[in-house]
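Visitor: Please take a close look at one part, the pairing of the strands, and then follow the chain outward from there. I should like the residues named throughout.

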Amino acid sequence: MADPVQRTVIENCAIATVDAQDTEYTTGHVVVAGELIESVGAGPAPRGLEQVARRVDGSGHLATPGLVNTHHHFYQWLTRGLAQDSNLFQWLTALYPTWARIDEPMVYAAARGSLGMMARGGVTTAFDHHYVFPRGAGDLLGAEVRAAREMGVRFTAARGSMDRGASQGGLPPDFAVETTEGALLATEEAVDRYHDASFGSMLHIAVAPCSPFSVSTELLSQGALLARRKGVRLHTHGSETVEEERFCHELFGMGPTDYFESTGWLGEDVWMAHCVHMNDSDIAAFGRTGTGVAHCPSSNARLAAGIARVPDMLAGGVPVGLGVDGTASNESGELHTELRNALLVNRLGGHKESALDVRQALRLGTYGGAQVLGRSREIGSLEAGKLADLVLWKLDGIGHSTIEDPVAALVLGAAAPVTLSLVSGRPVVEGGRLTTADEGEIARSARDEARRLARIAADAG
Ligand SMILES: [Zn+2]
């Protein structure tokens, strides 16, 4: 006979469920049974529960759904703090030669750094878009999958690709790109090997050619067909900068969104990073087709890309999640600080102080992310029957104790400490520390691999 399901009971905390009604409790409870949320509500947990393995006193805390990241490049953990004052194309051109030297141990160390940093800040579902596959570098996607499994974080790995080198009018140097056929074959193999579509899956694969200026039209079109044949999602960068917009007009005679539409890249199984330079008809096309957006406010500011029109996207029915983006353009590598940055950056846009409120910001980082990753039935809100991916934020310390509204404390205040973070009911953070990995070891091995990469790149250059 199977073991009876063990329960974790969390009580005495404020709760922001981020359900469809934005239900909140000033003092409430969450009961976790196995990997699922069994109940959420006001006051103490129901009496008489059996098989309670653990009781957590959540006094002074806010419980929210775990954060969902929708855009990242783990390997960039090894190239942070470089090209500090560049726009996107200058920054890419400066970094491509170094990135083209990565190998499997480097990507593994970088993935552990990226995942560890996010997990200790309340991310329960991670995402990575990996698109640099130097010949002979080893199993780079496999290294990321291993790192996520070991850390116990839910994961979508996007098998990225680049096949438009400089000789084909693209931005990356020829030595950094794959062949079209090679990229498609490896992407299909990744889906077949790793994608688990079941409820509660810990691993999804997405098809993710990198961007219009690094990918052939053929790879975009064939990638869309491949993803739909396999029933997996599509991801890429879109409308990030004015330079990209100009590139699309010069090469394709149309803007990025029209170009994506012409290659089969609008649809409810697609989400794109950035989407900064979108006009009204672009936003309407995303809304009409259900195409999602990964909003990356810090990266967009770091590379002076501009301000995505998130309030207009939300008003137009576009699913929007938040993204850290690669840590070469957002060195902090955290998602909980993006709640605040999304709110602040959007208030600098056209809608001013009514652009986003704190609850909308929290929704972007939780339910919005789940929508964008195609997982809103499973995660993204605290509701009975969903997976127990949740975070207990400590809000009674020096950084937050004078802010009465706990959601405002979380979004507007300092980066809040995570007392407990659960993924499918299993702790990945306790008392602000990773339970599944040694942070000191992660920091050391990432530093060693970063220095090895810098040495190899310098020797090659
Ligand atoms: Zn990116």
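**From a strand pair outward**

Guide: Val68 has Thr125 of S7 as its bridge partner. The model is a predicted one, in which local features require pLDDT of at least 70 and side-chain atom pairs count only at pLDDT 80 or more, while totals for chains, interfaces and linings use all residues. Residue numbers start from 1 along each chain as its sequence is written.

The bridge between Val68 and Thr125 belongs to the pairing of S6 with strand S7 (residues 123–130), which is parallel and extends over two bridges. Strands are said to pair if DSSP finds at least two bridges between them. Strands (E, at least two residues) and helices (H or I, at least four) are DSSP runs numbered from the N terminus. The pair lies within an open sheet of eight strands, ordered S6-S7-S8-S9-S10-S11-S12-S13 and paired in the parallel sense. Its edge strands are S6 (67–68) and S13 (320–322), each of which pairs on one side only.

Across this sheet runs helix H5 (residues 217–230), which lies over strand S8 (154–161), strand S9 (203–209) and strand S10 (233–238) and makes an angle of about 155 degrees with S9. Axes here are lines fitted to C-alpha atoms, for helices over the stretch in contact, and angles run from 0 to 180 degrees between N-to-C directions.

H5 also has a helical neighbour: its axis and that of helix H4 (residues 180–194) come within 11 Å and cross at roughly 20 degrees. H4 is therefore roughly parallel to H5, as angles under 35 degrees count as roughly parallel, over 145 as roughly antiparallel, 65 to 115 as roughly perpendicular and the rest as oblique. The crossing of H4 and H5 is right-handed; that is, the near helix is turned clockwise from the far one by less than a right angle, and left-handed if anticlockwise. On the H4 side the contact is formed by Thr180, Ala183, Leu184, Thr187, Glu188 and Val191, and on the H5 side by Glu218, Leu219, Gln222, Gly223, Leu226 and Lys230 (residues in contact have C-beta atoms, placed from the backbone, within 7 Å). By class, five of these residues are nonpolar, four polar and three charged. Nonpolar means Ala, Val, Leu, Ile, Met, Phe, Trp, Tyr, Cys and Pro; charged means Asp, Glu, Lys and Arg; the others, Gly among them, are polar.

Further along the chain, helix H11 (residues 336–347) packs with helix H12 (residues 358–372) at an angle of about 130 degrees, their axes being 9 Å apart. H11 is therefore oblique to H12, and their crossing is right-handed. H11 contributes Glu338, Leu339, Ala342 and Leu343 to the contact, and H12 contributes Val358, Ala361, Leu362, Leu364 and Gly365. Seven residues of the contact of H11 with H12 are nonpolar, one is polar and one is charged.

A further pair joins helix H2 (residues 104–119) to helix H14 (residues 439–460), with axes that come within 9 Å and cross at roughly 135 degrees. H2 is thus oblique to H14, and it passes H14 in a left-handed crossing. Pro105, Met106, Ala109, Ala110, Arg112, Gly113 and Gly116 of H2 meet Glu439, Ile442, Ser445, Ala446, Glu449 and Leu453 of H14. The contact of H2 with H14 holds seven nonpolar, three polar and three charged residues.

The sheet's edge strand S6 (67–68) also leads to the domain division. The assignment, whether automatic or from a database, gives domain 1 (7–65 + 378–434) and domain 2 (67–372). Their C-alpha centres lie 29 Å apart, and 30 residues of domain 1 are in contact with 30 residues of domain 2. On the side of domain 1 that touches domain 2, strand S5 (61–65), strand S14 (390–394), helix H13 (406–412), strand S15 (418–423) and strand S16 (426–430) each supply at least two residues. H13 provides the largest share of that side, five residues. The side divides into 19 nonpolar, six polar and five charged residues.

Finally, at the start of the chain, strand S1 (residues 7–16) pairs with strand S2 (residues 24–33) in the antiparallel sense over eight bridges, and Ala16 stands opposite Glu24 in S2. S2 is in turn joined by six bridges to strand S3 (residues 36–42), again running antiparallel; here Val31 stands opposite Ser39 in S3. The hairpin of S2 and S3 has two residues between the strands, and Gly34 takes a positive phi near 65 degrees in it.

Note on methods:
Contact = placed C-beta atoms within 7 Å.
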